[in-house]
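Here is a friendly walk through one protein model, meant to be read with the structure open beside you. Take your time and rotate the view as you go.

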Amino acid sequence: MRASSFLFSFAVSLLTFTTVSAEKPFDFASTPGKLPKNVVPEEYAIRITPDIAKRTFTGSETIKVNAREAVKQIVLNAADIKITKATMDGKAIPASAIKLDEKEETLTLASEVAGGNHELQLEFTGKINQRGIGLYYATYQEHGTGTKKTMLGTQFEATDARRMFPCWDEPSFRARFQLTVVIPENFVGVSNMPIEQEQKVTGGKEVRFGTTPSMASYLNVFCAGELDAIHNKNGDVTHGVIATKGKAEMGRYALESSQQILNYYNDYFGQPYPLPKLDHIAVPGGFGGAMENWGGITYFESGLLFDPERSSIQTRQGIYEVIAHETAHQWFGDLVTMAWWDNLWLNEGFASWMGTKVSAKFNPDWEVWLAKSVPRDPMRRPGIGKEAAMEGDARSTTHPIQQPIKTEAEANSAFDDITYRKGMSFLRMLESFLGEDVFRDGLRRYMAAHKFSNTTTTDLWNALGEASGKPVVEIAAAWTQQPGFPIVKVARDAAGKITLTQERFTIHFDNAPPLEWKIPLTYAVPGESPAPSVLMTSKSMELPDTYGNRALKLNVEGAGNYRVQYDEASWKLLIADLPKLSVPDRVNLMTDAWALVQANRAPLSLYLDLVEKLPTKTELAEREQIMHVFDFMNRLLANTPQREQFQKYARLILRPSFDEVGWDPKPGEPVKMAELRGSLIKALADLDDKEIIAGCRERFQKYLADPKSIPPDLRSRVLAVVGRYADEATWQKLHELGLKTTSIEEKTNYYNALASAIDPKLAARTLEISLGDELPTSRATYLVARVARESEHPEVAWTFAKAHMKQLLAKTDAIGANNYAAGLFTFFSDPARIAELEKFAKTDLPPTAAKDVAKAVDEVGFRADVKLRVTTQIATWLTYTPKAK
Ligand SMILES: [Zn+2]
């Protein structure tokens with residue numbers, strides 16, 4: 001799954017940090033979970049009849065089960081469902097023997113059953129909701145006509161299949177599923193497998209889909225609506241892109257990408273994709289991310305459809321990356337599934353790594369790995385990566401990649417940056433240590449051994465260990481079972497002999513428990529090839545060679561998940577050699593330097609001095625890194641006397657970059673120039689560059705007459721700037737445009753622009769929109785967070801959210817609900833807000849929000865801390881640095 005909002009949470013670890021020991025390979029009987037393992041489902045035949053007008057459905061199912069012993073009762077999952085009839089082997093189970101437990105989300109049938117095979121039949125009714133949980137509906141404006149329409153979709157991960165049909169809803173209870181639905185005649189139905197039979201029935205048509213292979217319940221999918229599709233058969237697999245009427249042709253790019261990616265994975269994993277079709281389904285609302293349902297992947301519409309006239313290069317990259325991620329799950333997650341949610345990282349860390357690897361391979365000019373090393377504006381899908389995870393992992397609220405998961409709510413809170421991005425980062429480090437071919441061979445072994453079954457992390461390490469002959473289990477344990485990561489300190493003596501020591505790297509986390517790691521280290525003299533990598537297995541070590549007065553760069557290309565701090569002599573040598581270092585190495589120095597400032601291990605001057613000495617002005621990743629830091633400082637300094645002077649300094653650093661790039665695309669320029677141009681426009685306008693702001697306004701006026709006058713790559717940025725400095729008439733105009741368009745991507749651009757307004761009166765008007773139905777639910781609720789971040793008035797957004805919390809949460813999906821309120825506090829830097837959040841949490845939030853509350857409390861404390869330090873240090877820097885005069 002790919003979550004959409006930037007309100008990703010970091011959960012707090014309640015673990016005590018005991019010694020790390022490896023977990024056991026997969027074993028069904030000892031896998032955690034709530035359901036007894038003495039009765040297992042083998043095959044479901046499910047029939048669902050939705051009543052779209054009433055937002056309800058009726059259903060029935062026949063489940064072939066195997067009792068491994070004689071039992072007195074059968075326990076499975078059900079939530080928000082009413083059972084109208086139950087029979088076991090044709091014999092009715094009386095109503096008094098049917099017990100639904102709402103809190104535990106279980107259905108218990110008191111029925112004595114002998115060991116062996118049986119047939120359970122259930123009839124039931126349930127609800128269709130608009131939160132993107134279970135079976136949901138999304139309303140949208142039809143392309144071309146603007147008519148209001150409704151589409152049905154499902155979202156079952158982590159634990160919501162039980163809302164559409166009672167089932168053994170834990171990932172190790174694999175079974176075959178056969179779905180039949182009754183839908184209106186003008187609807188098209190899609191599920192995991194192709195349609196086997198379609199026939200007219202009263203009230204519509206009955207559509208029967210083929211039976212799936214053995215799989216986990218959360219991978220089922222059902223979508224229906226007035227849909228169009230494009231298809232292409234490649235080898236044995238028919239690829240499809242399905243969208244609401246009139247939009248399927250915008251799936252052309254996705255369809256081509258799907259084939260390229262599937263061919264690559266077929267070879268990489270050594271196991272061919274086992275289903276006859278792979279559909280990518282664009283859903284115009286309901287949920288905001290993407291979900292790897294086997295054979296029928298769902299996406300929020302703008303994550304899948306590319307309109308050459310309207311879509312930007314970021315959209316295109318995002319589409320490729322998300323398809324690569326979800327398609328990797330067709331093996332890693334679907335063919336082989338994690339045993340329990342404590343191993344969610346196996347699915348998500350792996351798909352994030354694999355998706356990035358294949359995106360980088362086929363699109364070298366996108367600098368995919370480098371982009372992951374630079375934190376970016378969180379509204380931009382492809383950017384967020386390793387740095388965001390490392391920042392969270394350094395805090396007191398972090399948790400190990402593998403964490404105990406007891407309840408359904410905890411399973412939903414496991415979808416966070418640590419699970420996805422630290423997992424990705426660790427796998428990248430491990431691959432570069434073991435070697436690309438060895439790593440792939442290990443994965444082929446893993447797939448061959450565990451296909452159509454479940455695994456734990458240990459099964460993966462064992463396969464990689466066998467393929468490499470290296471102690472993978474030992475190396476991995478500290479990285480996946482401990483929180484945090486190390487910093488390696490570099491000290492050199494007069495002869496250039498280098499001594500390394502490691503310690504835990506933390507930010508805003510005093511008295512953190514000390515930890516150690518086995519670190520796969522890489523290093524190189526600038527301009528030379530890297531030395532063979534070494535494994536640091538203790539607190540300190542010496543490098544074998546002596547370097548005299550030559551510089552040495554550790555963590556080559558920033559592929560390792562650790563920080564490096566150089567002593568003064570080593571740092572000076574590196575700074576002198578900057579032009580010889582590759583861009584990824586320079587970006588790695590920048591991100592480490594900024595992290596040292598955040599951790600109070602170095603003054604701000606260390607970072608700013610490095611920025612001023614960079615040998616180029618238009619490297620995308622370097623500029624993005626600077627813009628990220630300047631954006632953070634600019635927001636932190638709001639309403640302080642230092643802000644104006646800081647903005648002036650920041651403009652002096654960034655404006656020459658823009659002057660080189662210019663407003664207009666140059667023929668044949670690399671794609672990254674278009675990205676850089678857009679980012680610089682937004683960054684400089686946020687820093688109050690009057691010329692840039694005027695330039696955006698002028699272009700907006702032309703755009704109103706001729707939308708093609710702004711290239712798609714620049715549109716979201718120019719609109720955001722116009723929105724930020726909007727007066728009432730401009731706000732009104734942007735709103736009209738947003739209401740009118742049927743393109744979700746365009747809509748997002750307009751409403752993001754509205755949410756950027758710094759005039760508090762306009763911010764208040766934008767907030768009201770979140771309660772209405774002019775936006776898909778996931779985008780409507782996101783608007784509040786967007787206002788909190790962009791408007792410079794987080795208090796206006798919070799006051800509004802507090803007053804309307806119930807209505808907002810009614811639109812939020814299961815993953816978003818836990819951190820919705822707490823996430824809005826992360827834009828404050830006033831320590832008084834901590835007590836306010838804690839008080840609100842006590843009275844108004846469920847216990848499941850506790851981890852996110854702790855994270856927000858830490859963030860506010862951190863910001864308050866940095867603000868104190870940075871305001872003093874920036875003043876000193878501006879006094880002494882000649883540039884700022
Ligand atoms: Zn995923």
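## A pocket and its lining

Four elements each supply at least two residues of the lining of the second largest pocket: strand 6 (98-101), strand 8 (116-127), helix 6 (408-413) and helix 25 (814-817). Please keep in mind that this is a predicted model. The space in this second largest pocket comes to about 1200 Å³. Its lining counts 37 residues, and those that lie nearest the centre are Ala 79, Asp 80, Glu 102, Glu 105 and Arg 163. How many residues of this lining are nonpolar, polar and charged? The split is 14 nonpolar, nine polar and 14 charged.

## The nonpolar cores

Next comes the interior. The largest nonpolar core holds 282 residues, and Trp 168 and Phe 630 have the most contacts inside it. Helix 28 (residues 850-880) is the element that gives the most to this core, contributing 10 residues. Apart from the largest core there is another one, made of five residues, with Leu 370, Val 374, Val 583 and Val 587 among them.

Trp 168 deserves a look of its own. This residue is found in the loop between strand 10 and strand 11. Is Trp 168 buried or exposed? Trp 168 counts as buried because its relative accessibility is 0%, and the cut-off for buried is under 20%. Trp 168 and Leu 35 are 133 residues apart along the chain, yet their C-alpha atoms are separated by 7.5 Å.

Some other buried residues can be found in the same way. Leu 578 sits in the loop between helix 11 (568-576) and helix 12 (583-598), and it is buried, with a relative accessible area of 1%. Tyr 320 belongs to helix 2 (residues 313-329) and counts as buried at 2% relative accessibility. Leu 262, in helix 1 (residues 252-269), counts as buried at 1% relative accessibility.

If you would like to check distances in your viewer, these C-alpha to C-alpha separations are a handy start.

| Residue pair | Apart in sequence | C-alpha separation |
|---|---|---|
| Trp 168 and Leu 35 | 133 residues | 7.5 Å |
| Leu 578 and Leu 589 | 11 residues | 9.8 Å |
| Leu 262 and Met 1 | 261 residues | 18 Å |
| Tyr 320 and Pro 532 | 212 residues | 34 Å |

## Aromatic rings and their partners

Searching the whole structure gives 39 aromatic pairs. One of them joins Phe 630 and Tyr 649 in a tilted arrangement, with 6.4 Å from centre to centre and 55° between the planes. Which helices does this pair link? Phe 630 is in helix 14 (residues 620-636) and Tyr 649 is in helix 15 (residues 643-661), with their positions 19 residues apart in the chain. Both partners, Phe 630 and Tyr 649, are buried.

Rings also gather in a wider group. One aromatic cluster is formed by Tyr 264, Tyr 265, Tyr 268, Phe 269, Tyr 273, Trp 331, Phe 332, Phe 350, Trp 353, Phe 362, Phe 439 and Tyr 446.

Charged side chains meet rings as well. Arg 55 lies over the face of Tyr 137, 3.7 Å from the ring centre. Lys 470 has its charged end over the ring of Phe 433, at 4.8 Å from the centre of that ring.

## Backbone details

Most residues other than glycine have a negative phi, and most peptide bonds are trans. With that in mind, here are some spots to inspect.

Where is there a cis peptide bond? Glu 157 and Ala 158 are joined by one, with omega at about 5°. Ala 158 is placed in the loop between strand 10 (148-155) and strand 11 (176-183), and Trp 168 also lies in the loop between strand 10 and strand 11.

Phe 452 has a positive phi, near 60°, although it is not a glycine. This residue is in the loop between helix 8 (436-450) and strand 22 (453-455). With a relative accessible area of 34%, Phe 452 is partly exposed.

Glu 792 likewise has a positive phi, near 65°. Its place is the loop between helix 22 (777-790) and helix 23 (794-803). The relative accessible area of Glu 792 is 23%, so this residue is partly exposed.

Note on methods: Residues are numbered from 1 along each chain as its sequence is written. This is a predicted model: local features need pLDDT of at least 70, side-chain atom pairs count only at pLDDT 80 or more; totals for chains, interfaces and linings use all residues. Side-chain values use heavy atoms; hydrogens and water are left out. A nonpolar core is a set of buried Ala, Val, Leu, Ile, Met, Phe, Trp, Tyr and Cys residues joined through side-chain atoms within 4.5 Å. Buried means under 20% relative accessible area, exposed over 50%, partly exposed in between (1.4 Å probe, protein chains only). On a 1 Å grid over the protein atoms alone, a cavity is a set of points where a 1.4 Å probe fits but cannot get out, and a pocket is an open set with protein on both sides within 12 Å along at least five of seven lines; lining residues have an atom within 4 Å of a point. Grid points are joined across faces, edges and corners, and a volume is the space filled by probe spheres set on the points. Ala, Val, Leu, Ile, Met, Phe, Trp, Tyr, Cys and Pro count as nonpolar, Asp, Glu, Lys and Arg as charged, and the others, Gly among them, as polar. Rings of Phe, Tyr and Trp (its six-membered ring) pair if their centres lie within 6.5 Å; planes under 30 degrees apart count as stacked, over 60 as edge-to-face and the rest as tilted. A charge sits over a ring if NZ of Lys or CZ of Arg is within 6 Å of the ring centre and within 35 degrees of the ring normal.
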